[in-house]
Amino acid sequence: CKGTAKESLLLGVASKEVKESENLAKGSVDDDVSVDEITTLAFPSISTADFQFNNETASDIIVEKVEEFVNKLENARLVLVDLTHGSKILSLVRTKAEKRNIDSKKFFTFVGNITQLYSQGGLRCNVIANAANWRLKPGGGGVNAAIFTAAGLALETATKERANSLLPGHAVVVPLPSDSPLYTREGVSHVIHVLGPNMNPQRPNSLNNDYNKGCSILREAYTSLFTGFLSILR
Ligand code: AR6
C-alpha cells in the first residue's frame with residue numbers, strides 16, 4: 001500500500017475494524033457477527049464497469065450524492081468499495097471527497113471484495129449494495145454475480161418476494177434471511193439492489209452515450225440507494 005495521509009487514515013479505520021473482529025473471534029465468527037446495529041452501507045460504483053459509464057462523471061455524482069446524504073446518517077456511515085488498489089473510481093472519489101471536506105469517518109473508500117469485507121478485510125458492513133440487472137437475476141459478472149453467489153439461494157428467494165424487475169435509477173431493499181452465508185459469515189442483514197444507467201450497447205436498454213439521461217438516472221440511482229439505507233436505519 002502506498003502511504004498517502006488519506007490512505008493511512010483509511011487503513012487506520014480498517015485496522016481498528018480488524019482488531020474488533022479479532023476480539024470477536026474468541027468464539028466462532030459465525031456466533032459473534034452481530035447484525036443488531038445497522039451502521040454501515042458498503043456500495044460499489046454503480047454502472048462504471050460492465051455498464052461502461054464514464055468514471056470522471058460518475059465520481060462527481062457519487063461525491064455530490066454522498067455530500068447530500070452524509071449528514072442525515074446520524075451514527076451510520078457509507079463506504080465505497082472496489083476490488084483493487086489501482087481502482088480509478090476510488091482514487092477520483094477520494095480526491096473529490098477530500099476537496100469537499102466530507103467527514104472521512106462518515107464516508108471513506110475501501111479496497112476489497114464486497115462479499116468478504118468482514119472475513120477478509122475486518123470491515124463490518126451490515127448493508128451492501130448490488131449493481132444489479134433489470135431482471136434482478138444472478139449471474140452476468142461483476143458485483144451482481146459475486147453477491148448472488150456468496151448469498152446463495154436465500155437471496156434469490158428473498159429478492160423475488162420483493163420485486164421481479166427494476167427500472168433504471170431505482171433500488172429495492174431486500175432483508176437477507178439469517179441462513180444465508182453472507183449473513184452468518186459477513187454479518188450482512190440487507191442487500192439493496194440498484195439498477196444504474198447502461199452505456200454498454202451489448203446490454204439491454206443502452207442509452208447510446210446519452211449522458212444527459214445517464215447522469216440523471218445515476219443521480220436517481222444513488223438517491224434511491226441512500227434513501228433505502230436510511231429506511232433500514234429507521
Ligand atoms: N467487490 C467489490 N467491487 C466489485 C466487485 C466485487 N466483488 N466486482 C466488481 N466490482 P459492475 P455495473 C466493482 O460491472 O457497471 C452485471 O453483469 C467494479 O470494479 O458489477 O453497474 C449485472 O448483472 C466496478 O467499480 O456493475 C448488470 O448487468 C463496480 O463494482 C451489470 O453488470 C460496478 O461494476 C451492471 O454493471
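Helices (H or I, at least four residues) and strands (E, at least two) are DSSP runs, numbered from the N terminus. The model is predicted: local features need pLDDT of at least 70, side-chain atom pairs count only at pLDDT 80 or more, and totals for chains, interfaces and linings use all residues. Residues are numbered from 1 along each chain as its sequence is written, and side-chain values use heavy atoms, with hydrogens and water left out.

**Exercise 1. Describe the largest pocket and its lining.**

Step 1. On a 1 Å grid over the protein atoms alone, a pocket is an open set of points with protein on both sides within 12 Å along at least five of seven lines, while a cavity is a set where a 1.4 Å probe fits but cannot get out; lining residues have an atom within 4 Å of a point. Grid points are joined across faces, edges and corners, and a volume is the space filled by probe spheres set on the points.

Step 2. The largest pocket holds about 750 Å³ of space. It is lined by 39 residues, of which Ala49, Asp50, Ala131, Gly142 and Val143 are the closest to its centre.

Step 3. S2 and H6 each contribute at least two lining residues, and H6 has the largest share, with four.

Step 4. For classes, Ala, Val, Leu, Ile, Met, Phe, Trp, Tyr, Cys and Pro count as nonpolar, Asp, Glu, Lys and Arg as charged, and the others, Gly among them, as polar. The pocket lining comprises 20 nonpolar, 15 polar and four charged residues.

**Exercise 2. Locate the ligand and describe its surroundings.**

Step 1. The ligand sits in the largest pocket, meaning that more than half of its atoms lie within 2 Å of the grid points of the pocket.

Step 2. The shell around the ligand has strand S2 (77-82) and helix H6 (142-151) as the elements that give two or more residues; H6 gives the most, four residues.

Step 3. The ligand is surrounded by 24 residues (a heavy atom within 4 Å). Ser47, Asp82, Ile114, Gly140 and Val143 are the closest.

Step 4. By class, this shell has eleven nonpolar, eleven polar and two charged residues.

**Exercise 3. Identify polar contacts of the ligand (N or O pairs within 3.5 Å).**

Step 1. An oxygen atom of the ligand lies 2.7 Å from a polar side-chain atom of Asp82.

Step 2. For nitrogen atoms of the ligand, a polar side-chain atom of Asn113 lies 3.1 Å from one, and a backbone N or O atom of Ile114 lies 2.9 Å from one.

Definitions and conventions
A polar contact is a pair of N or O atoms within 3.5 Å; within protein, one must be able to donate a hydrogen and the other to accept it, and residues adjacent in sequence count only if both atoms are side-chain atoms.
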